[in-house]
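Colleague: I am new to this structure and would love a close look at a single part, the open sheet. Could you walk me through how its strands are ordered and paired, and what packs on them?

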Amino acid sequence: MKDKVSTAVIQRLPRYYRYLSDLLEENVERISSSDLAARMHVTASQIRQDLNTFGGFGQQGYGYHVPHLHAEIGKLLGIDQQKYLIIIGAGNLGQALANYQNFTKRGFQVKALFDIDPEVIGRTIQGAQVFPLEYLEAYLEKNAIDIATLTLPRDRAIEVAKRLCRCGIKAIWNFAHTDLQVDEDVLVENVHLSESLMQLSYRMIAARRKQKKTEETGDTGTGERSD
Ligand SMILES: NC(=O)c1ccc[n+]([C@@H]2O[C@H](COP(=O)([O-])OP(=O)(O)OC[C@H]3O[C@@H](n4cnc5c(N)ncnc54)[C@H](O)[C@@H]3O)[C@@H](O)[C@H]2O)c1
């Protein structure tokens, strides 16, 4: 396995895992890289190249053993290990994440939420209690937490992230629209749904522009006129 794995490969791993989970459900035991590539709409060489980063997993002339590859990618993604989360900000998004049952299938368990609003403090969401933010340090001293999720207003996120770092948190899943300043050994994964939506919007606008141009000029892009 290579020492440094590119972000692009890491980003593709969950997709491999999802497709392999589907194959397992269909009781497919073995698949060639070209069949897997066709299902995933990528090239076979991309799959081979990505998986070679971790030492291969395939055999010449055999392809991939689906249960083995699924288990190995699961291990790389840490799905076989239980990971405990807390959520800071028990509003709309924080509660939606706490309510999402599928995270548990991937080994993630929300243990507690924290908020400053007396309206939500004391509630229980899928077995996880909402505590007052003042209790954060005391809670983290008593409970081993792997990941802290930030779903609070952006102007509060930086200060809360610093508190989390002081408590020894090493991984932050950040939904607040702000860049956090954290210690070098703290991992931050930023999630921006609106950026994803804007990318979709860009592609939609570009497709419409292309369609309009085609209609105006009759140019289909193939060098042939459509009329
Ligand atoms: N990244 C994304 O894709 C994405 C999507 C939606 C929302 N957001 C962001 O997530 C955050 C939450 O959004 P929402 O719709 O759930 O808002 P919300 O107002 O419903 O929830 C925010 C919660 O944070 C609590 N809060 C405020 N200050 C706090 C503090 N110092 N410590 C702990 N809790 C505190 C509030 O009491 C409230 O319960 C916002 O910053 C929003 O911009 C991000």
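Modeller: Happy to; here is a walk through the sheet, with a short look at the ligand shell at the end.

This is a predicted model, in which local features need pLDDT of at least 70 and side-chain atom pairs count only at pLDDT 80 or more, while totals for chains, interfaces and linings use all residues. Residues are numbered from 1 along each chain as its sequence is written.

Let us start with the overall order. Seven strands form an open sheet, running E6-E7-E5-E4-E8-E9-E10, and the pairing is mixed. A few terms help here: helices (H or I, at least four residues) and strands (E, at least two) are DSSP runs numbered from the N terminus, and two strands pair if DSSP finds at least two bridges between them. In general, strands of a sheet pair through backbone hydrogen bonds, either parallel or antiparallel. At the edges sit strand E6 (124-125) and strand E10 (187-190), each of which pairs on one side only.

Now from the E6 edge inwards. E6 and E7 are antiparallel partners over two bridges, and Ile125 has Ala128 as its bridge partner in E7. The hairpin of E6 and E7 has two residues between the strands, and there Gln126 takes a positive phi near 50°. Strand E7 (residues 128-132) also pairs with E5, this time in the parallel sense over four bridges. Within E7, Gln129 stands opposite Ala112.

Further along the order, strand E4 (residues 83-88) and strand E8 (residues 147-150) form a parallel pair over four bridges. Here Leu85 has Ile147 of E8 as its bridge partner. Helix H8 packs on the sheet, touching E4, E8 and strand E9 (171-174), and its direction makes about 170° with that of E8. For contacts, two residues count if their C-beta atoms, placed from the backbone, lie within 7 Å; axes are lines fitted to C-alpha atoms, for helices over the stretch in contact, and angles run from 0 to 180 degrees between N-to-C directions.

Finally, the ligand. Of the 26 residues around the ligand, Gly89, Gly91, Leu93, Asp117 and Leu193 come nearest (a residue is near a molecule or strand if its C-beta atom, placed from the backbone, lies within 6 Å of it). The elements giving two or more residues to this shell include strand E5 (108-115) and helix H8 (154-166), along with helix H5 (92-99) and helix H9 (193-217). So E5 and H8, met above in the sheet and on it, turn up again in the shell around the ligand.
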